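Subject: The structure we talked about

Hi,

Here is the structure I promised to pass on. Have a look at it first, and then read on for my notes.

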Amino acid sequence: MRYGQLVMGPAGSGKSTYCATMQRYGYDDNRLIKVVNLDPAAETFEYQPFIDIRDLIHLDDAMEDEELHYGPNGGLVFCFEYLLENSDWLRNQLYGVGDDDEEQGTDGVDEPDDDYILFDMPGQIELYTHLKAGQQLAKLLESWNFRLCSVFLVDSQFMIDGAKFLSGTMAALSVMVNMELPHVNILSKMDLLSKTSKGQLDKYLEPDPQALLGEVTGESSWGRKYRKLSETIGMLIEDFSLVRFTPLNINDEENIADLLMMIDNAIQYGEEADVKTKDFDPPEPDDDNDEEQYHD
């Protein structure tokens, strides 16, 4: 069994920083966490990718092609669909098959076991909210014996008022429904918030929809006009407890450890490992001390 996180979120929400943070934490904890870059438009990141989609296709390839002439958004969607059409390349990379062995494929190659991989996804949110590309990748990885969790990041700096919070909540709900995976929502960049903003954000971690609706419906003529719609959204959030956000401060190791444990539990990471009996065996008596006590 292999384990993975599909790290998703809008552009600039801190996905690559999250992956780098988790990889560093794993290194400090003597735990190997690999990162796969699936963003064809990425320029720089803080981690060393285990696999890089840019070795297969780059965003510039789609934008500069004389026949395609895609823009940035269409180009990202095209690159992701190209990856799915060439899934053998990804499978070979995940199995450690080199370029010289690609014709042979993964036949006769032992399947890696207990791998823990973060997939750093593009910031094109429609890949996960309503297009099927994100779901197709998840199904593909599951067929390769991966147990997955979808991790959706939202920038906490944009979630400090009612309207934006409801918008972010609906985006997270859309991703959760579309991906059909165990799901964790994260408020990123908590370390960048001021004390005032952190105080405002606290009420959204355990949200009171009625209080939020008061903000949304009373601030503008649009909010007053569509009050019933906002109330329905608020009731959906409250009655079904579908969406909750977990804050992430990358400078707080305890916060990182708790978040990683939550995700590990969601994908049952480590539950199949053998129990280390040596941790529970009583200490062996010291023969020399016993002999001295006997003579005394």
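Let me start with a term that I use throughout: a residue is called buried under 20% relative accessible area, exposed over 50%, and partly exposed in between. Asn145 is partly exposed, because its relative accessible area of 27% falls between those cut-offs. Please keep in mind that this is a predicted model.

**The overall picture**

The protein has 296 residues, and 44% of them are buried. Its secondary structure comes to 13 helices and seven strands. About 16,400 Å² of the protein is exposed, with carbon and sulfur atoms supplying 47% of that area. If you take the contacts between residues at least 6 apart in sequence, 72% of them join residues at least 24 apart.

**The cores**

Which residues have the most contacts inside the largest nonpolar core? They are Leu6, Leu94, Phe119, Met121, Leu137 and Leu141, in a core of 42 residues. The elements that give two or more residues to this core are strand 1 (2-8), helix 3 (72-85), helix 4 (87-94), strand 4 (116-120), helix 5 (126-129), helix 6, strand 5 and helix 7. There is also a second, separate core of 25 residues, which includes Tyr3, Val7, Tyr25 and Leu153.

Leu141 is a good place to start looking at the largest core. Leaving out residues up to four places away in sequence, Leu141 touches Leu6, Leu94, Phe119, Phe146 and Leu148. Leu6, Leu94 and Phe119 also appear in the list of residues with the most contacts inside the core.

**Helix 6 and the loop after it**

Helix 6 spans residues 133-143. Its buried residues are Ala133, Gly134, Gln135, Leu137, Ala138 and Leu141. An α-helix has 3.6 residues a turn, so residues three or four places apart point the same way. With that in mind, Leu137 and Leu141 make a nice pair to look at, as both are buried in helix 6 and both are listed among the residues with the most contacts inside the largest core.

Asn145 sits in the loop that leads from helix 6 to strand 5 (146-155). Just after helix 6, this residue takes a positive phi of about 75°, and it is not a glycine.

**Helix 7**

Helix 7 covers residues 162-179. Is Thr169, found in this helix, buried or exposed? Thr169 counts as buried, because its relative accessibility is 2%, under the 20% cut-off. Setting aside residues up to four places away in sequence, Thr169 touches Ile237, Val243 and Phe245.

Lys164 also has its place in helix 7, but it counts as partly exposed at 42% relative accessibility. With residues up to four places away again left out, Lys164 touches Phe158 and Met159.

The loop between helix 7 and strand 6 (183-188) holds Glu180. Here is another positive phi in a residue other than glycine, this time near 55°.

**Strand 2 and its partners**

Strand 2 (residues 34-37) is covered on both faces. In a regular strand the side chains alternate between the two faces of the sheet. On one side of strand 2 are Lys34 and Val36, on the other Val35 and Asn37, and all of these are buried.

Strand 2 pairs with strand 4 in the parallel sense, over four bridges. Within this pairing, Lys34 has Ile117 of strand 4 as its bridge partner. Strand 2 also runs parallel to strand 3 (residues 51-52), and two bridges join them. There, Val36 stands opposite Ile51.

The loop between strand 2 and strand 3 contains Phe45. Apart from neighbours within four places in sequence, Phe45 is in contact with Ser16, Asn37, Asp52 and Arg54. Take a look at Ser16 in particular: it is 29 residues from Phe45 in sequence, while the two C-alpha atoms are 6.4 Å apart in space.

**A patch on the surface**

Last, the surface: Met63, Leu68 and Tyr70 form a nonpolar patch there, with about 220 Å² of accessible area together. Met63 lies in helix 2 (residues 59-64) and counts as partly exposed, at 30% relative accessibility.

Happy looking, and write back whenever you like.

Best wishes

How values were computed:
Residues numbered from 1 in each chain as written. Predicted model: local features only at pLDDT ≥ 70, side-chain atom pairs only at ≥ 80, totals over all residues. Heavy atoms only, no water. Buried < 20%, exposed > 50% of the residue type's maximum accessible area, 1.4 Å probe, protein only. Patch = residues over 30% accessible without salt bridge, like charges linked within 9 Å, V, L, I, M, F, W, Y side chains within 5 Å. Areas by Shrake-Rupley, 256 points an atom, 1.4 Å probe, with all protein chains shown as cover. Salt bridge = Lys/Arg side-chain N within 4 Å of Asp/Glu carboxyl O. Contact = heavy atoms within 4.5 Å. Core = buried A, V, L, I, M, F, W, Y, C linked by side-chain atoms within 4.5 Å. Pairing = 2+ DSSP bridges.
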